[in-house]
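Please walk through the model shown here, beginning with a sheet and the helices on it and then moving to other parts of the chain.

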Amino acid sequence: MNLPKSLKVLFENLLRHLDGKSVVLKDLQTMVDWQHTGHAEREIAYQPARVLMQDFTGVTAVVDLAAMREAVQRLGGDVNKVNQLSPVDLIIDHSVMVDEFATPQAFSDNVKFEMQRNHERYLFLRWGQKAFNRFRVVPPGTCICHQVNLEYLGKAVWYEEREGKLFAYPDTLVGTDSHTTMINGFEVVGWGVGGIEAEAAMLGPPISMLIPDVVGLKLIGKLNEGITATDLVLTVTQMLRKHGVVGKFVEFYGDGLADLPLADRATIANMYPEYGATCGFFPVDEITLSYMRLTGRSEAEIALVENYTKTQGLWRHPGEEPIFTSTLVLDLASVEASLAGPKRPQDRVELSQVQHAFKDSVELELNKSTKEPAPSVSYDVKNFQLQEGAVVIAAITSCTNTSNPSVLMTAGLLAKKAVEKGLVRKPWVKSSLAPGSKVVTDYLAKAGLTNYLNQVVFNLVGYGCTTCIGNSWPLPAPIEEAIKKHNLTVGSVLSGNRNF
């Protein structure tokens with residue numbers, strides 16, 4: 001079949017669960033016929049291999065399971081029979097807040113505050129890990145769910161032993177977070193769902209979905225020196241929003257993939273909420289295997305992924321042209337340095353034009369009325385004037401970027417240059433570094449860059465979503481009071497999922 005590889009994964013899922021009830025032969029035939037039209041109006045039953053949760057949305061699912069057990073106990077039944085059928089990983093990453101910053105002890109202090117605020121919730125989740133089968137909890141202060149999914153949990157090809165035999169099939173999942181699609185960069189079909197759908201997947205029933213249209217985005221060429229994955233993903237987002245991909249799969253193909261590291265692929269896949277697709281899928285190739293070695297997967301697991309995907313037609317070969325509903329082409333050499341904003345994530349702005357875009361935005365209050373002189377503020381034994389348009393938050397944060405070694409090393413090297421040039425952080429800026437996992441801390445330290453980040457006051461504040469999801473916590477009181485009292489328009493710059 002010349003189906004897109006993402007649909008081949010769905011086809012295998014249907015074939016493996018063919019039972020004449022939830023999955024029938026007509027479902028498979030419709031998938032085969034899709035090759036002639038690039039479209040199908042048929043609902044299918046998708047059964048993901050596993051479920052990924054973060055703490056905000058995952059706690060409610062565990063509460064429901066606990067309530068079921070309580071009901072069974074009241075009726076005199078065996079509570080141990082109440083278990084989810086699918087493997088579930090819950091990662092605590094959404095509760096850390098930036099209480100402390102710009103100090104060496106910011107990380108330990110923020111973890112302490114997080115534990116105090118969420119003590120009962122965390123005790124409950126620890127109970128759940130012990131009570132339910134195939135349910136794992138990653139503790140706070142450790143990682144962001146999507147990065148640990150990429151570095152450790154994801155398998156590309158899922159495998160399990162049944163009655164002494166090894167069964168292998170494509171890794172698939174649903175997650176209770178919109179950026180679950182980051183794992184699509186690792187040849188895993190999956191996307192974010194609501195809590196009810198996730199609970200259904202946990203307990204066994206399939207997820208009902210229409211066979212999707214698939215937009216193929218062909219990548220050619222190579223990124224120029226100095227162009228980051230963030231620049232690329234903003235360009236891709238702009239292209240796909242213009243094309244229209246809501247409710248569709250996006251699959252990346254073309255020989256440009258040969259020079260695109262897996263971390264960059266994951267950054268692009270992560271941004272699907274911004275371009276509106278259901279998922280953004282990358283196929284397996286040598287880059288995938290290299291990443292598996294880098295992240296400590298066993299050679300046996302790597303061999304399984306290579307052999308399985310080549311046998312099943314899921315391996316990417318040079319020059320391949322699968323059938324798609326529609327196609328786009330992007331020359332990677334054409335990507336320019338850019339940011340998004342100043343308010344909407346789809347508004348890509350070339351780096352050289354950021355200042356003008358901020359001042360010219362009709363959505364901001366800047367320069368709309370006559371302003372009084374900049375107020376004087378005293379904070380941290382410094383006196384300064386807080387200007388209109390001041391950047392008051394600068395955060396290295398989010399699953400999108402802090403799982404990408406290239407952009408994190410770039411941040412460290414930029415900090416080194418800033419220190420060498422004598423640049424210092426302005427006193428009104430709340431600056432923070434919240435990586436996606438402790439791996440980031442390790443390689444920044446080994447590269448000798450941690451000290452430079454600390455000197456420009458981007459101290460480690462936690463391993464979690466922080467500013468990216470609004471957990472920046474209040475600004476220092478004197479600065480916040482001045483902003484409110486004088487009705488100032490201020491800004492923030494962050495490496496968040498919206499890439500402002």
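Across which strands does helix H6 lie? Helix H6 (residues 145-153) lies across S2, S3, S4 and S7, and runs at about 145° to S2. This is a predicted model, in which local features need pLDDT of at least 70 and side-chain atom pairs count only at pLDDT 80 or more, while totals for chains, interfaces and linings use all residues. Residues are numbered from 1 along each chain as its sequence is written, and side-chain values use heavy atoms, with hydrogens and water left out. Helices (H or I, at least four residues) and strands (E, at least two) are DSSP runs, numbered from the N terminus. Axes are lines fitted to C-alpha atoms, for helices over the stretch in contact, and angles run from 0 to 180 degrees between N-to-C directions.

The sheet under H6 is open, with 5 strands in the order S4-S3-S2-S7-S8 and parallel pairing; two strands pair if DSSP finds at least two bridges between them. Strand S4 (135-138) and strand S8 (189-192) form the edges, each pairing on one side only. On average, neighbouring strands of the sheet are turned by 15° against each other, direction ignored. Helix H3 (residues 55-74) also packs on this sheet, where it touches strand S2 (50-54), strand S3 (88-91) and S4, and its direction makes about 120° with that of S2. Contact here means heavy atoms within 4.5 Å. Towards S8, strand S7 (residues 172-175) is joined by 4 bridges in a parallel run, and valine 174 stands opposite tryptophan 191 in S8.

H6 also takes part in another packing arrangement. In helix H16 (residues 438-446), Val440, Tyr443 and Leu444 are buried, where buried means under 20% relative accessible area, exposed over 50%, and partly exposed in between (1.4 Å probe, protein chains only). These residues are on the same side of H16 because they cover an arc of only 100° around the axis, the arc being that of the directions from the helix axis to the C-beta atoms. The buried residues of H16 pack against H6, helix H14 (399-402), helix H15 (405-420) and helix H17 (450-455). At the start of H16, a side-chain oxygen of serine 437 reaches to within 3.2 Å of the backbone nitrogen of valine 439. Just after H16, glycine 448 has a positive phi of about 75°.

Strand S18 (residues 391-396) is mostly covered, with 5 of its 6 residues buried. S18 runs parallel to strand S20 (residues 491-494), with 4 bridges joining them; isoleucine 393 has serine 492 as its bridge partner in S20. Another 4 bridges join S18 to strand S19 (residues 430-433), again parallel, and alanine 395 stands opposite serine 432 in S19.

Two loop residues can be set side by side. Threonine 466, in the loop between H17 and helix H18 (477-485), counts as buried because its relative accessibility is 1%. Apart from neighbours within four places in sequence, threonine 466 is in contact with Val96, Val98, Thr397, Ala434, Asn471 and Ser472. Lysine 421, in the loop between H15 and S19, is exposed, with a relative accessible area of 67%. From C-alpha to C-alpha, lysine 421 and valine 88 are 49 Å apart in space, and 333 residues separate them in sequence.

Terms used. A polar contact is a pair of N or O atoms within 3.5 Å; within protein, one must be able to donate a hydrogen and the other to accept it, and residues adjacent in sequence count only if both atoms are side-chain atoms.
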